[in-house]
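Reader: I am new to this structure and would like to go through it step by step. Could you show it to me, please?

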Amino acid sequence: MKNVTIKDVAKVAGVSYSTVSRALSGSPEISEETRSRILKICEEMNYTANTLARAMVMKSTQLIGVIVTNVSNPYISEIAYYVDGQARSRGYNIILCNSSKDPEQEKELFELLLGRQVDGIIVIPSSTDSYTALAPYLSRIPTVFLGENMRDLPESYVSVDNYRGAYMGVEYLYNLGHRKILYFGRRKGSNTHTLRANGYEDACKALGIEPQTWDSTFANTSIKHGYEMAKQLFSRKMDYTAIFSSTDTNALGILKAAEEKGIDIPGDLSLIGFDNIQTSALPRINLTTIEQPKKLLASVAVDSLLDRINNKQSGYSHQILYPSVVERSTCAPIPVRE
């Protein structure tokens with residue numbers, strides 16, 4: 001079947017090529033009656049716009065590139081979902097890319113998106129070195145980093161206050177009577193995890209609690225990794241009454257290991273996570289956690305990027321959103337359990 005071109009549409013409509021182009025671009029130079037007639041003919045002829053050619057004329061593809069670390073991670077997939085929704089509500093589509101936490105792959109994907117002429121890029125960085133690796137490209141395209149606090153670096157980012165979230169979690173457990181709180185899953189190579197661990201430790205010191213940590217032996221977090229680490233932890237004597245898990249996925253692994261070990265949560269042990277992924281709210285899980293406002297994070301990131309795209313801003317912004325405690329049923333006061 002022959003592809004219908006814009007010239008074919010112009011011939012049937014009895015107008016010039018440029019008039020059809022103006023109708024498709026929403027130009028105010030033609031009447032609404034003419035635009036409606038041309039669009040109806042396009043629909044009847046099954047005309048599909050050549051987006052590349054249109055982009056060359058309009059200087060915009062209406063596309064946003066999104067690079068994430070691991071699309072199978074529940075937190076990441078929720079963020080991507082909300083980014084897509086927010087972009088669509090603003091008239092943009094996204095190209096979603098998965099870096100698999102590989103810095104070299106992340107760089108290759110950034111180059112790929114530049115080649116596809118996207119209007120801007122949102123990056124969930126693979127490591128603390130992502131900014132340095134991508135810095136040579138950042139002057140060529142509006143970019144916003146999402147989910148990672150990049151401190152004082154001169155580039156736009158949106159993140160939750162991970163330090164404050166961890167601090168709040170310790171305070172919450174302390175107010176339930178817990179004085180032996182273990183931090184589970186501390187991981188190096190991530191500003192996010194460093195800030196959470198620092199928030200935990202500083203809260204412990206401020207409240208007169210001795211910090212206890214169970215470090216991650218894996219490069220990323222997952223239910224499987226949390227389960228493997230928790231099995232090792234539960235093979236030793238429990239000298240803590242509560243666990244603060246660095247992520248909800250780790251916490252889900254802890255729940256599985258605890259059930260196998262016969263440890264009742266929250267009867268024997270209180271558990272709090274971080275992120276508030278959708279799975280955490282399921283009835284048999286009902287995990288108390290620190291919420292990252294994922295929909296708001298995505299919305300702010302997209303709005304920040306589009307502001308830079310549309311207003312041609314050369315500056316940058318650092319936006320840190322406030323977390324909150326989501327109370328469910330995996331934490332209990334010490335007096336109740338005694």
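Author: The following exchange covers cysteines, a pair of helices and some backbone features of this predicted model.

Reader: Let us begin with the disulfides. How many does the structure hold?

Author: The structure holds zero disulfides. Cys204, for instance, is in no disulfide, and the nearest cysteine sulfur, in Cys331, is 14 Å away.

Reader: Why is Cys331 without a bond to Cys204?

Author: The closest cysteine sulfur to that of Cys331 belongs to Cys204 and is 14 Å from it, which is too far for a bond. A disulfide needs the two sulfur atoms within 2.5 Å.

Reader: Is Cys204 buried or exposed? And what about Cys331?

Author: Cys204 is buried, because its relative accessibility is 0%. Cys331 has a relative accessible area of 11%, so Cys331 is buried as well. The limit for buried is under 20%.

Reader: Turning to the helices, at what angle do H1 and H3 cross?

Author: Helix H1, residues 6–13, and helix H3, residues 32–44, cross at roughly 120°, and their axes come within 10 Å. The two helices are therefore oblique to each other. The crossing of H1 with H3 is right-handed.

Reader: Which residues make that contact?

Author: On the H1 side they are Val9, Val12 and Ala13. H3 contributes Arg37, Ile38, Ile41 and Cys42.

Reader: How many of the residues in the contact of H1 with H3 are nonpolar, and how many are polar or charged?

Author: Six residues are nonpolar, one is charged and none is polar.

Reader: Now the backbone. Where is there a cis peptide bond?

Author: A cis peptide bond lies between Ile265 and Pro266, with omega at about 10°. Pro266 belongs to the loop between helix H11, residues 248–261, and strand S9, residues 270–275.

Reader: Which residue in the loop between S9 and S10 has a positive phi without being a glycine?

Author: Asn276 is one of them, with a positive phi of about 60°. Asn276 sits in the loop that runs between S9 and strand S10, residues 288–291. Asn286 is also in the loop between S9 and S10, and Asn286 has a positive phi near 50°.

Reader: How accessible are Asn276 and Asn286?

Author: Asn276 has 11% relative accessibility and therefore counts as buried. Asn286, at 25% relative accessibility, counts as partly exposed.

Methods
Residues numbered from 1 in each chain as written. Predicted model: local features only at pLDDT ≥ 70, side-chain atom pairs only at ≥ 80, totals over all residues. Heavy atoms only, no water. Buried < 20%, exposed > 50% of the residue type's maximum accessible area, 1.4 Å probe, protein only. Axes fitted to C-alpha atoms, helices over the stretch in contact; angles between N-to-C directions. Helix = DSSP H or I, 4+ residues; strand = E, 2+ residues; numbered from the N terminus. Parallel < 35°, antiparallel > 145°, perpendicular 65-115°, else oblique. Left-handed = near helix turned anticlockwise from the far one by under 90°. Contact = heavy atoms within 4.5 Å. Nonpolar A, V, L, I, M, F, W, Y, C, P; charged D, E, K, R; others polar.
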